[in-house]
Structures are given as C-alpha cells and as structure tokens.
Amino acid sequence: MSMQKVVERILSDATLEAQKTVEDAKTRAETIVSDASLRAEKRRMEVETETKAQVENILEKRASDARLESSKILLREKRKTVDGVYALALARLVALEKEDCMRLTASLLENYAEENDEIFLAENFKYAKDLERLPIVEKKKLKIAEKRLQIEGGMRLVGKTSDKDLSYGALISADKDEYQASLAKELFR
C-alpha cells in the first residue's frame with residue numbers, strides 16, 4: 001500500500017475515531033445534563049415542598065398567636081366588665097338609703113354578731129344613730145365604738161372569740177370569689 005493510502009487510511013480512521021469520541025462525549029454530556037436537570041428539578045421540588053410547609057407552619061403559628069392574643073384581650077375586657085359590675089355594686093351599697101342600709105345592717109348583725117361584740121363602723125357609714133336603735137343591738141348587747149375605720153362601707157365586729165370583717169368591700173370580695181364565674185357566664189353568653 002502506498003504511503004498516501006496509509007496516511008489517508010490513518011486520517012480516515014482518526015476522523016471516524018474523533019467523530020465517535022465527539023458523539024460519545026455529546027451523549028455523555030447529554031446524559032450528565034439530563035441527570036443534573038432531573039436532580040435539580042427534584043431538589044427544586046423538595047425545596048418548594050419544604051418552603052410551603054415552613055410557610056404553612058409560620059402562618060398557623062401566627063394565626064394561633066393571634067387567636068391566643070385575641071382571647072387574652074377578650075378575657076381582660078370581660079374581667080374589666082365584671083370588676084365594673086362589682087365596683088358599681090360597692091358604690092350602691094355605700095350609697096344605700098337609710099331603710100335599706102338598716103335592713104342590711106340588721107341582717108348582718110343577726111347572722112354574724114356574737115353577744116358583746118364591738119361594732120367599728122366605716123368612716124362613711126351615715127346612719128350610726130339609727131344603728132344604735134336597732135333591736136338586734138340591744139338583744140346581743142353590742143357596743144358601737146367611737147373610732148371609725150377606713151374601710152369600704154359597712155363595719156367590722158370585734159369580739160372575744162373572733163373578729164369579722166363585714167365591710168361592704170369584704171362582702172363584695174366574698175361574693176366575687178363565689179359568683180364571678182357564674183356572673184361572667186350570664187353576662188357573656
């Protein structure tokens with residue numbers, strides 16, 4: 001074979017080999033690009049799913065926080081309303097007319113006073129002279145102290161065995177402890 005043919009044959013084989021190498025490289029590059037695209041798409045979908053879940057969690061937490069804060073505000077306002085009802089009740093007790101005040105006082109003394117107790121009236125108790133004339137005062141031999149106390153209306157009984165706070169503030173507080181839940185339930189149906 002002539003040298004020229006050998007060179008042509010070598011060149012032809014080299015060209016075919018180069019084309020095959022290029023085609024193999026292209027195929028491998030396409031496979032790599034395709035695999036990379038699939039991995040990238042899979043990762044994009046994973047990140048998107050994770051992001052959606054995080055956004056939902058954040059939104060749910062914010063909604064939960066908002067509901068909780070709303071409940072706190074509502075509860076605080078309900079408490080203010082109930083406290084307002086009791087403050088109004090206290091103000092009305094302090095402002096009772098003489099007949100109502102004497103009925104209430106007589107009832108309290110009947111139920112709580114013991115014989116020979118001393119009655120200490122609130123500074124704002126308006127009917128001390130009328131209190132002295134109540135039959136229960138004579139019946140239980142109660143004494144009315146000269147000294148007045150800085151309490152929210154009503155009186156305190158001081159006795160040999162026990163002292164009793166019958167101030168309107170203490171009565172309202174006891175009522176509040178016992179009935180505020182049912183009052184709130186009634187007010188905020």
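Is aspartate 130 buried or exposed? Select it and see: aspartate 130 counts as buried, because its relative accessibility is 17% (buried means under 20% relative accessible area, exposed over 50%, partly exposed in between, with a 1.4 Å probe and protein chains only).

Before moving on, a word on the model. It is predicted, so local features need pLDDT of at least 70 and side-chain atom pairs count only at pLDDT 80 or more, while totals for chains, interfaces and linings use all residues. Residues are numbered from 1 along each chain as its sequence is written, and side-chain values use heavy atoms, with hydrogens and water left out.

**Salt bridges**

Keep aspartate 130 selected and add arginine 133: their side chains meet in a salt bridge, 2.5 Å from N to O (a side-chain nitrogen of Lys or Arg within 4 Å of a carboxyl oxygen of Asp or Glu). Arginine 133 is exposed, at 58% relative accessible area. Side chains of opposite charge can pair when their charged atoms come close.

Next, pick lysine 139 and glutamate 110, another salt bridge, at 3.7 Å from N to O. Lysine 139 sits in helix α4 (residues 135–139) and glutamate 110 in helix α2 (residues 98–112), so this pair ties together parts that are 29 residues apart in sequence. Helices here are DSSP runs of H or I with at least four residues, numbered from the N terminus. Lysine 139 counts as exposed at 57%, and glutamate 110 as partly exposed at 39%.

Now go to aspartate 165 and arginine 156, whose side chains form a salt bridge at 3.5 Å, N to O. Both are partly exposed: aspartate 165 at 35% and arginine 156 at 33%. Elsewhere, salt bridges with shared partners link Glu41, Arg44 and Glu48 into one network. The structure holds 15 salt bridges.

**Helix α1**

Select valine 7, found in helix α1 (residues 3–94). Valine 7 is partly exposed, at 41% relative accessibility. With Met3 and Leu11, Val7 makes a nonpolar surface patch of about 320 Å².

Move along to isoleucine 58, also in helix α1 and partly exposed at 48%. Add alanine 128 and draw a line between the two C-alpha atoms: they are 66 Å apart in space and 70 residues apart in sequence.

Finally, show α1 with helix α5 (residues 168–187): they pack at an angle of about 140°, their axes 10 Å apart. That angle makes α1 oblique to α5, a term for angles that are not under 35 degrees, over 145, or 65 to 115.

Conventions:
Patch = residues over 30% accessible without salt bridge, like charges linked within 9 Å, V, L, I, M, F, W, Y side chains within 5 Å. Areas by Shrake-Rupley, 256 points an atom, 1.4 Å probe, with all protein chains shown as cover. Helix = DSSP H or I, 4+ residues; strand = E, 2+ residues; numbered from the N terminus. Axes fitted to C-alpha atoms, helices over the stretch in contact; angles between N-to-C directions.
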